[in-house]
Amino acid sequence: MKSMMKISPKTTHIAVCGLGYVGFPVALLFAKAGFQVTGVDVNEEKIRKINRGGNPIEGKEPGLKELIGQVKKTGRFQATTDPASYQEAQVIIIAVETPVEEETHEPAYRALKSALRDIGQNLSAGRSKEVLIIVESTIAPQTMAKVVQPILEAESGLQMGPDFLLANCPERLMPGHLIENITNYNRVIGAPDQRTADLAKSLYKYIVKGKLETTDWVTAEIVKAGENAYRDVQIAFANEMALLCEALGANVWEVRRLINECKRRGETRFEALRQMHFPGAGVGGHCLPKDSWLLVYGARESIEPN
């Protein structure tokens, strides 16, 4: 029987799969908190750069350079391409890209499935300790149950529950604000049972100052894809209003101002206020253009068309 896990910087070894905009700062923050952390990535050039103390992330990221220097001095973080590193970890965090196919807009889970196969093949049936696997990547609803769990079980020959624990904690990041967002944003943790939820929550308390909410897998999946779809819709609405105003000869800036003035005198309740966005160039970035498609894909098999 496996010994019950207790999250502690002194005894918990963390492996982070994927060292991009999500995984790299997460790995550094856990190392800063006192954990021994191994980062795993398929990009050999990136690994060499990281192990030299370099920064693989482009763009200005406040606090990241200083964090790299702090962690480098501790010796608690190393990077590798070797998936055998998962064998030594009590916590494995998956933070790989999850784009959508250009033509079909269906999830392109090549990186996710490859990571799951590598992890599954390195989960030892002879482990004396529990292992907690957490997916931070943004995924379509039902991916945890229909993709993540089945691949891990098939590749390892083990069962979720008695042999390993599985949670999802979707990232809430914006390039240019990585450290700030990880540290101060509220997070949602999805888990199939209370013990897994409590363990994941006790882990993230070491690096997250925001509120940690626990729920089930699919709710956490919907929340992440849904919050980005919400932003997508708001931006699209503002831009459609701009086109309508242009066609009718109206000033969209005045229209926006007056829409947002639709409130009772002295009203402060956020839910009672209109908050039309400024129109602009459209939706961009890594996440907003794809996450609405992930949300729709997750419900495709469950919702009957009218």
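Before sorting any lining by class, I note that Ala, Val, Leu, Ile, Met, Phe, Trp, Tyr, Cys and Pro count as nonpolar, Asp, Glu, Lys and Arg as charged, and the others, Gly among them, as polar. I also note that the model I am reading is predicted.

**Entry 1: the two domains**

I began with the division of the protein, which is into domain 1 (13-224) and domain 2 (226-298). I looked up how far apart they sit and found 32 Å between their centres, taken over C-alpha atoms. For the contact between them I wrote down 19 residues from domain 1 and twelve residues from domain 2.

The size of an interface is often given as the accessible area lost when the parts come together. I therefore looked up that value next, and for domain 1 and domain 2 the buried area is about 1300 Å², with carbon and sulfur atoms giving 62% of it.

How many salt bridges are counted between domain 1 and domain 2? I found one salt bridge. I then turned to Arg-172 and saw that this residue forms a salt bridge with Glu-227, where the closest N and O atoms are 2.8 Å apart.

**Entry 2: the largest pocket**

I went on to the largest pocket, which holds about 1400 Å³ of space. Its lining is made up of 48 residues, and those nearest the centre of the pocket are Tyr-21, Val-22, Glu-171, His-286 and Cys-287. Looking for the elements that give two or more residues to this lining, I listed helix H4 (110-121), helix H6 (178-184), helix H8 (217-248) and helix H10 (288-299). Sorted by the classes at the top of my page, the lining has 23 nonpolar, 13 polar and twelve charged residues.

Where does the largest pocket lie with respect to domain 1 and domain 2? I concluded that it lies between them, because domain 1 (13-224) and domain 2 (226-298) both give residues to its lining.

**Entry 3: the cavities**

I then asked about enclosed space and found two cavities of 30 Å³ or more.

The largest cavity has a volume of about 40 Å³, and I read off its lining as Pro-170, Glu-171, Arg-172, Val-188, Ala-220, Val-223, Lys-224 and Glu-227. Arg-172 and Glu-227, the pair I had noted for their salt bridge, are thus both among the residues that line this cavity. H8 provides the largest share of the lining, four residues, and by class I recorded four nonpolar, no polar and four charged.

The second largest cavity contains about 30 Å³ of space, and its lining consists of Val-135, Ser-137, Ile-139, Asn-168, Pro-170, Ala-220, Glu-221 and Lys-224. Here too I found that H8 gives the most, with three residues, while the classes come to four nonpolar, two polar and two charged residues. Comparing my two lists, I saw that Pro-170, Ala-220 and Lys-224 appear in both linings.

How values were computed. Residues numbered from 1 in each chain as written. Predicted model: local features only at pLDDT ≥ 70, side-chain atom pairs only at ≥ 80, totals over all residues. Heavy atoms only, no water. 1 Å grid on protein atoms, 1.4 Å probe; cavity = no way out; pocket = protein on both sides within 12 Å on 5 of 7 lines; lining within 4 Å. Points joined across faces, edges and corners; volume = space filled by probe spheres on them. Domains from an automatic or database assignment. Contact = heavy atoms within 4.5 Å. Buried area = accessible area lost by both parts, 1.4 Å probe. Salt bridge = Lys/Arg side-chain N within 4 Å of Asp/Glu carboxyl O.
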